[in-house]
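Biologist: I should like to go through this model term by term and ask what justifies each description. Please set each value beside its criterion before you conclude.

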Amino acid sequence: MRDGWDDEQLTVALREAMRARQAVPDWFVETGKSAYAWHNIDAELAQLTYDSHRETAGAPITRSEAASIRALTFTSAHLSIELEVTAGSLLGQIVPPRGGTIEVHTKAGVTSLPADEIGCFSVAPIPAGPFRLRCRTTDGTDVLTGWITL
Amino acid sequence: MRDDPSVVALVVRAAGSDQSAWNELVERYAPLVWSICTRFQLSNHDSEDVGQTVWLLLVEHLGELREPAALPGWLAKTTARECLRVVTAAHRSERLGTRLDDADQFAASAVVDEEVLLAERNAGLRAAFAELPPRCQQLLAMLLADPPPSYAEISAALDIPVGSIGPQRGRCLGRLRRSPALVALVEGDIGVTVPGGEPGA
């Protein structure tokens with residue numbers, strides 16, 4: 001390799017390189033490019049700090065536990081977002097309670113829904129793919145969760 | 001490979017607010033992310049989820065990448081981890097409590113190392129090809145087809161005499177070999193193996 005490839009080897013290598021690129025579907029590349037829309041978003045990130053499923057992952061899981069309602073908590077410096085996954089919807093509350101707007105971001109786009117004056121909201125149906133929630137409260141706090149896949 | 005200046009420059013620009021630099025990074029490394037998804041035999045749907053997660057993680061960590069040149073390794077590891085997550089989630093729905101075991105982790109790290117080397121070689125070759133004059137790109141593109149067209153067909157398509165196709169091919173490959181993108185690859189001494197078996201085969 002230090003002396004380089006001869007013409008045949010170089011042709012074979014180049015063909016392989018071009019094929020590797022051609023094998024990648026356009027939609028896969030576009031998904032990557034569109035991710036840049038999240039660059040420099042001016043919202044505070046909320047980290048996943050509790051996942052009821054993860055809490056039990058170390059121990060043998062019984063069916064009754066696995067079937068129980070899954071609860072998740074995302075926490076930022078200014079507020080938490082508590083989520084419960086039910087059969088058909090995602091119930092949430094902003095803690096400490098306050099009203100605002102919840103945006104559900106999926107790869108298909110963004111939908112908005114209100115959180116009532118005690119911070120409760122409901123997302124239905126539950127997004128099929130990865131999504132994240134952006135919470136803008138009436139007092140001006142702007143918080144974005146990490147990506148969630150349920 | 002660890003100090004590819006073009007990749008470092010792209011990461012720095014993308015960490016600013018340069019969408020075109022980001023697009024170039026994605027073009028360069030999407031084949032790496034895709035090939036690892038393929039190694040894990042993910043469906044298109046799962047591959048899309050993994051790809052999306054990987055690029056979003058990169059977007060969020062662009063400013064924190066301490067060694068931008070280590071990006072391919074980071075991308076490959078992150079992709080393999082996400083693939084394992086998808087695969088084990090699928091297992092878990094069939095068999096409760098399945099967890100990653102050491103064998104899975106080991107297999108993933110072997111995949112990562114192989115794919116990073118291959119992806120860097122391929123990206124270097126594509127970058128070198130992109131730097132060639134248009135005439136060389138046209139000629140080599142025809143010769144790369146499988147099966148390649150006859151010299152008579154190439155002659156007609158590119159309007160060059162049959163007798164000069166061989167010499168032009170040699171000159172174009174020579175330019176390719178000397179291009180900075182490929183020289184950097186060779187000097188990086190990344191243990192690239194020659195594809196296609198025996199020399200001149």
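Biologist: What percentage of the 150 residues of chain A count as buried?

Modeller: The model is a predicted one. In chain A, 25% of the 150 residues count as buried. The cut-off is 20 or more other C-beta atoms within 10 Å of the residue's own.

Biologist: Why is Thr111(A) called partly exposed?

Modeller: Thr111(A) has 13 other C-beta atoms within 10 Å. A residue is buried at 20 or more and exposed at 12 or fewer; the value of 13 lies in between, so Thr111(A) is partly exposed. Thr111(A) is found in strand E6 of chain A, residues 109-115. The C-alpha atoms of Thr111(A) and Leu133(A) are separated by 9.9 Å, with the two residues 22 apart along the chain.

Biologist: What makes E6 of chain A an edge strand?

Modeller: E6 of chain A pairs on one side only, as does the other edge strand, E7 (120-123) of chain A. Both belong to an open sheet of nine strands with mixed pairing, in the order E6-E5-E8-E9-E1-E2-E3-E4-E7 (chain A). From one strand to the next, the twist averages 25 degrees.

Biologist: How do you know that E5 and E6 of chain A pair?

Modeller: Pairing requires at least two bridges. Strand E5 (residues 100-106) of chain A and E6(A) have seven bridges, in the antiparallel sense, and therefore meet the criterion. Two of the partnerships can be named: His105(A) has Val110(A) in E6(A) as its bridge partner, and Thr101(A) has Pro114(A). E5(A) and E6(A) form a hairpin, with two residues between them.

Biologist: What makes the pairing of the sheet mixed?

Modeller: Two pairings that involve E9(A) illustrate the term. Strand E1 (residues 44-51) of chain A runs parallel to strand E9 (residues 142-145) of chain A, over three bridges, and Ala46(A) stands opposite Thr145(A) there. Strand E8 (residues 131-137) of chain A, by contrast, is antiparallel to E9(A), again with three bridges; here Arg134(A) stands opposite Leu144(A). With a parallel pairing and an antiparallel pairing in one sheet, the description as mixed follows. E8(A) and E9(A) also form a hairpin with four residues between them, and Gly140(A) in the turn has a positive phi of about 95 degrees.

Biologist: Which helices and strands make up chain A, and in what pattern?

Modeller: Chain A has four helices and nine strands. Along the sequence they follow the pattern α-α-β-α-α-β-β-β-β-β-β-β-β. Among contacts in chain A with a separation of 6 or more, 52% are between residues 24 or more positions apart.

Biologist: How is chain A divided, and what separates the centres of its domains?

Modeller: Chain A is divided into domain 1 (7-36) and domain 2 (42-145). Taken over C-alpha atoms, their centres are separated by 38 Å.

Biologist: Which residues have the most contacts inside the largest nonpolar core?

Modeller: They are Tyr29(B), Val33(B) and Leu75(B), in a core of 53 residues. Helix H2 (residues 19-39) of chain B supplies the largest share, ten residues. A second, separate core has 15 residues, including Ala46(A), Ile81(A), Leu83(A) and Leu144(A).

Biologist: How do you know that Tyr29(B) is in contact with residues beyond its sequence neighbours?

Modeller: The criterion is a C-beta separation within 7 Å. With neighbours within four places in sequence left aside, Tyr29(B) is in contact with Pro72(B), Leu75(B) and Ala119(B); therefore each of these pairs satisfies that cut-off.

Biologist: Which element of chain B gives the most to the side that touches chain A?

Modeller: In this interface, 42 residues of chain B are in contact with 38 residues of chain A. Elements giving two or more residues to the chain B side include H2, helix H3 (44-61) and helix H5 (102-130) of chain B. H3(B) gives the most, with ten residues. By class, that side has 23 nonpolar, 13 polar and six charged residues.

Biologist: How many residues does each domain of chain B give to the contact between them?

Modeller: Chain B is divided into domain 1 (1-130) and domain 2 (132-189). The contact takes nine residues from domain 1 of chain B and nine residues from domain 2 of chain B. On the domain 1 side, five are nonpolar, one is polar and three are charged.

Key:
Residues are numbered from 1 along each chain as its sequence is written. Chains are lettered from A and ligands numbered from 1 in the order in which they are written. This is a predicted model: local features need pLDDT of at least 70, side-chain atom pairs count only at pLDDT 80 or more; totals for chains, interfaces and linings use all residues. A nonpolar core is a set of buried Ala, Val, Leu, Ile, Met, Phe, Trp, Tyr and Cys residues joined through C-beta atoms within 7 Å. Two residues are in contact if their C-beta atoms, placed from the backbone, lie within 7 Å. Domain bounds come from an automatic or database domain assignment. Ala, Val, Leu, Ile, Met, Phe, Trp, Tyr, Cys and Pro count as nonpolar, Asp, Glu, Lys and Arg as charged, and the others, Gly among them, as polar. Axes are lines fitted to C-alpha atoms, for helices over the stretch in contact, and angles run from 0 to 180 degrees between N-to-C directions.
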